[in-house]
Amino acid sequence: MAFFMTINGKRVEANEGEMVLAVARRAGIPIPTLCHHEAVEPFGSCRLCMVEVTKPAWKGWKGLMTACLYPCAPDLVIETDSERVHQVRRNVLDLLLARCPDADVIQKLASQYGVQQSSFMQREKPDKCILCGLCVRVCETAATSAISTVQRGHGREIGTPWGGPPPDCIGCLACAHVCPTGHIQFEESGSVRKIWGREFELQRCEKTGKPLPITKDQAAFLAKRQTMNPSYLSTSADANRKQTAETLGRIARWNKLGMQQEVK
Amino acid sequence: MDTHLRYDSVEAFRSHVASLFESPEAKKRRVLVCCGTGCMAGGAKQVVEAMHEQLQAIDPAKKAELNLVMKRTGCHGFCEKGPLVVLMPQGLFYKNVKPKDVEAIVQESILGDGVIERLLYVEPSTGKPVHKYGDIEFYAKQTRVAMRNIGLIDPANLDDYLLRGGYAALVKALTTMTPEDVMKEVADSKLRGRGGGGFDAGRKWRSCKSAPGDERFLICNGDEGDPGAFMDRSIMEGDPHGVLEGMILGGFALECKQGYIYVRQEYPLAVENLQRALRDARARGLLGDNILGSGFSFDIEVARGGGAFVCGESSALMRSVEGKVGEPRAKYVHATDKGLWDKPTVLNNVETWVCVPRIIEHGSAWFTAMGTERSKGTKAFALTGRVKNTGLVEVEMGTSLRDIIFGAGGGMLSDGPRGKFKAVQTGGPSGGCLPEDMLDLAVDFDTLTKAGSMMGSGGMIVMDHSTCMVDVARYFLSFLVDESCGKCVPCREGLFQMMHIVSRICEGKGTLEDLDRIEDLATAVELGSLCALGKSGPNPVRSTLRYFRHEYEAHILEKKCPAGVCKALITYGIDHDKCDGCGACLRACASSAISGTIKKGETFQIDLLQCDRCGACETVCKRGAISAS
């Protein structure tokens with residue numbers, strides 16, 4: 001069911017169940033985020049997407065909310081650039097800059113909010129990890145939960161079981177691809193890919209013998225998870241297209257069926 | 001206790017309780033030995049053993065005549081004076097009892113009518129010994145609702161609880177009330193959550209019940225993590241059935257089937273007593289399927305925490321019960337709609353649940369007769385710090401800080417200018433420090449919040465002039481930095497940086513700009529953090545800056561710590577007129593910073609370069625010749 005809300009004075013349409021961030025972005029209103037990615041559930045850890053929400057239903061009650069997690073409701077009035085919003089974003093970016101002074105993304109965002117240099121104490125051995133948790137969440141959603149956050153508070157970090165090479169990792173690079181600051185590094189040479197202290201052999205095309213951009217572990221995992229024919233993941237030939245179409249069709253039919261059941 | 005007994009109906013329950021009141025058990029003279037965690041640490045176990053031995057040795061005929069029974073009770077809340085032995089019905093109260101005192105107690109006070117003067121509690125205000133439990137000001141100034149059974153019953157004995165009117169509220173609800181009536185009674189009592197937030201319990205229950213879905217959960221939050229606060233532990237240890245009865249009533253009102261009690265890892269005795277209570281209640285038909293033959297079923301499970309402060313936050317607690325990492329999540333969708341396993345859930349803390357049976361039993365009007373306009377009933381505080389009586393104090397809402405600290409608390413611990421009251425910290429690490437001119441504040445949820453502190457779970461730390469407020473702020477910040485889960489940036493990074501700035505001020509390296517920086521950052525952390533831990537994290541700094549700004553300025557501008565606490569800013573000196581050359585300081589100094597000859601009439605020198613400001617010399621000097629400045 002669609003309804004209307006106001007963002008920065010602009011009337012926008014929203015649907016039941018949508019979050020403020022999605023609606024704002026659709027309306028072309030920018031809201032900065034670091035821990036958000038469409039592929040995973042919203043998390044609310046970077047606190048950059050804070051917006052000021054006024055609820056007319058609650059006698060004009062006003063509060064700062066994270067846009068990525070705040071569900072839309074009829075007649076909400078939202079300010080994405082108020083003074084209080086900026087105070088939070090400025091401080092958050094200042095803090096992140098002290099943590100990761102070398103991360104380009106942070107430098108750029110911070111300067112947008114008037115922070116050229118952090119006013120806080122810099123970390124002794126800074127890296128580029130801002131602990132947004134995207135890598136962990138994408139690994140949980142799309143792969144094998146091979147990595148996790150470890151410790152708590154200021155000692156929190158992204159880690160692997162007992163700090164060693166993660167046994168469940170399939171080398172899919174999903175973590176590296178979603179990392180907003182480029183902290184997660186990997187190497188690829190010939191048919192070998194290195195990430196998280198492990199080496200993965202790349203799948204080769206059965207017909208041409210050339211390395212494919214997918215590891216053997218990943219192929220096995222995907223074959224199991226997506227009920228695809230393993231041969232699809234070991235060739236790059238056009239012959240596979242027909243089979244892919246069939247598989248996707250089956251998934252689509254299943255999805256539709258599932259949705260109908262939910263509607264009932 | 002009869003283990004085969006099971007009440008199939010309300011009538012069976014009533015007739016058994018009636019027979020209990022008629023039984024010799026009810027008329028026995030009781031020797032109550034406190035076996036709370038505090039007294040156990042003080043040697044209560046040995047006292048119990050000695051008492052058992054002594055009672056065994058009494059001539060059987062005499063014993064039958066005396067009709068004696070010894071009970072191991074929960075915490076009396078006066079741990080500082082433990083182990084405690086109370087003789088009932090005369091109410092004789094003995095403190096600091098050692099196993100060697102037991103024989104005298106049995107011979108003089110149990111077999112005879114004598115009183116052992118040296119074991120009596122001496123009232124600090126009058127200097128006179130007090131004989132009776134109820135006459136001790138620490139207890140006389142209290143109104144016990146949540147803690148009414150603790151110390152008087154054996155928590156391992158269900159019959160003891162029944163003899164105190166236990167499960168009468170449940171029977172009342174099952175026989176004369178509908179779930180809606182129970183709901184209304186709790187709503188009318190205006191009971192507010194005792195865990196910190198002070199949210200209206202009736203409203204919470206109502207919104208959970210009206211949430212879509214048939215399956216609902218109840219949770220009792222026993223993850224009491226504030227340093228120094230232990231009222232919930234005492235309740236779980238000392239009156240476990242009270243908690244269960246409250247939850248069963250909640251289950252009845254909300255028409256739900258399952259409840260969980262989340263107990264922090266550090267409370268093994270609470271877990272043990274709760275588990276036993278659950279077993280006993282189930283065996284008697286007071287819990288589980290078809291309670292008292294009424295057709296209503298409800299069960300409770302104990303879930304244990306893993307030792308994280310943040311798991312006391314409701315959403316983190318629910319993740320922990322689910323077996324996931326205990327991290328908070330946004331509460332834009334309330335737990336009453338999507339809580340444990342995304343089902344509607346009511347979470348209240350131990351002290352809140354234990355109030356429910358009392359409200360149902362006595363009616364909401366009885367409860368609302370106590371307290372202030374918007375905070376009804378009583379609140380238990382864990383009074384600690386520089387007061388004479390430390391322990392658990394339950395008073396009516398609206399009692400002034402002065403009445404708590406100088407009434408039940410017995411006043412300040414030390415005399416002299418340094419022993420004078422300076423501040424009271426309420427609400428645990430996320431609370432704030434209130435100065436002397438706030439002493440007449442009538443304590444309730446709203447007044448404390450307005451004053452820049454909070455009720456929290458009821459921690460209350462009294463400080464005198466030997467406490468440095470900047471150091472206090474630094475301490476609480478370091479606690480929160482350790483305990484932050486680290487999920488969101490403002491709490492993880494912000495509190496850490498704030499602690500760094502405050503530490504710098506403690507070292508005399510701060511600037512006035514730092515204070516502005518702290519204020520700006522504090523606002524951002526309050527507004528920007530994900531959960532209440534971060535949102536209230538800046539409170540200790542905020543409130544000390546608000547009321548004790550001059551101390552911060554002294555550290556920054558004069559490079560002085562007025563309380564003589566911050567090591568970088570103090571120097572120790574010897575008053576040569578007072579020093580008698582005893583040499584105690586010389587022996588106490590671990591860094592060999594003191595030199596001189598031990599001889600009457602001689603005096604000593606402190607080498608300030610060697611001195612590491614540990615203060616050992618000051619502590620050992622009997623003549624008070626050494627002081628920090």
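Me: Let's start with terms: helices (H or I, at least four residues) and strands (E, at least two) are DSSP runs, numbered from the N terminus. Which strands of chain B flank the loop where K599(B) lies?

Reply: Before that, this is a predicted model, where local features need pLDDT of at least 70, side-chain atom pairs count only at pLDDT 80 or more, and totals for chains, interfaces and linings use all residues. Residues are numbered from 1 along each chain as its sequence is written, while chains are lettered from A and ligands numbered from 1 in the order in which they are written. As for K599(B), its loop in chain B runs between β17 (594-595) and β18 (605-606).

Me: Is K599(B) buried or exposed?

Reply: Count the other C-beta atoms, placed from the backbone, within 10 Å of a residue's own: 20 or more makes it buried, 12 or fewer exposed, and anything in between partly exposed. K599(B) has 10 of them within 10 Å, so it counts as exposed.

Me: And V86(B), is that one buried or exposed?

Reply: V86(B) is found in strand β3 (residues 85-88) of chain B. Because 22 other C-beta atoms lie within 10 Å, V86(B) is buried.

Me: Which residues does V86(B) touch, not counting those up to four places away in sequence?

Reply: Two residues are in contact if their C-beta atoms, placed from the backbone, lie within 7 Å. L32(B) is 54 residues from V86(B) in sequence, but their C-alpha atoms are 5.0 Å apart. Leaving out residues up to four places away, V86(B) touches L32(B), L92(B), F93(B) and Y133(B).

Me: How many Å apart in space are K599(B) and V86(B), C-alpha to C-alpha?

Reply: In sequence, 513 residues separate K599(B) from V86(B). In space, C-alpha to C-alpha, the value is 51 Å.

Me: How far apart do the C-alpha centres of domain 2 and domain 5 of chain B lie?

Reply: The domain bounds here come from an automatic or database domain assignment. In chain B they give domain 1 (23-133), domain 2 (158-368), domain 3 (380-459), domain 4 (470-558) and domain 5 (571-628). Between the C-alpha centres of domain 2 and domain 5 of chain B there are 57 Å.

Me: Which element of chain A gives the largest share of the side that touches chain B?

Reply: The two chains meet through 28 residues of chain A and 28 residues of chain B. On the chain A side, two or more residues come from each of β4 (61-66) and α2 (83-99). The largest share, 9 residues, comes from α2(A).

Me: How many residues on the side of chain A that touches chain B are charged?

Reply: Ala, Val, Leu, Ile, Met, Phe, Trp, Tyr, Cys and Pro count as nonpolar, Asp, Glu, Lys and Arg as charged, and the others, Gly among them, as polar. By that split, this side of chain A has 15 nonpolar and 8 polar residues, and the number that are charged is 5.

Me: Why do the buried residues of α3(A) lie on the same side of the helix?

Reply: In helix α3 (residues 104-112) of chain A, the buried residues are I106(A), L109(A) and A110(A). The arc is that of the directions from the helix axis to the C-beta atoms. I106(A), L109(A) and A110(A) are on the same side of α3(A) because they cover an arc of only 100 degrees.

Me: Which exposed residues sit on the face of α3(A) turned away from its buried side?

Reply: The buried residues of α3(A) pack against α2 of chain A. The face turned away from them carries D104(A), K108(A) and Q112(A).

Me: Which residue stands opposite I195(A) in β10(A)?

Reply: Two strands pair if DSSP finds at least two bridges between them. In chain A, β9 (residues 192-195) and β10 (residues 198-204) run antiparallel and are joined by 4 bridges. Opposite I195(A) stands R198(A).

Me: Over which residues of chain A does pLDDT stay under 50?

Reply: pLDDT is the predictor's confidence in each residue, from 0 to 100. Chain A averages 87, with 85% of its residues scoring at least 70. The model has 0 contacts beyond four places in sequence for the stretch of chain A where pLDDT stays under 50, residues 258-264.
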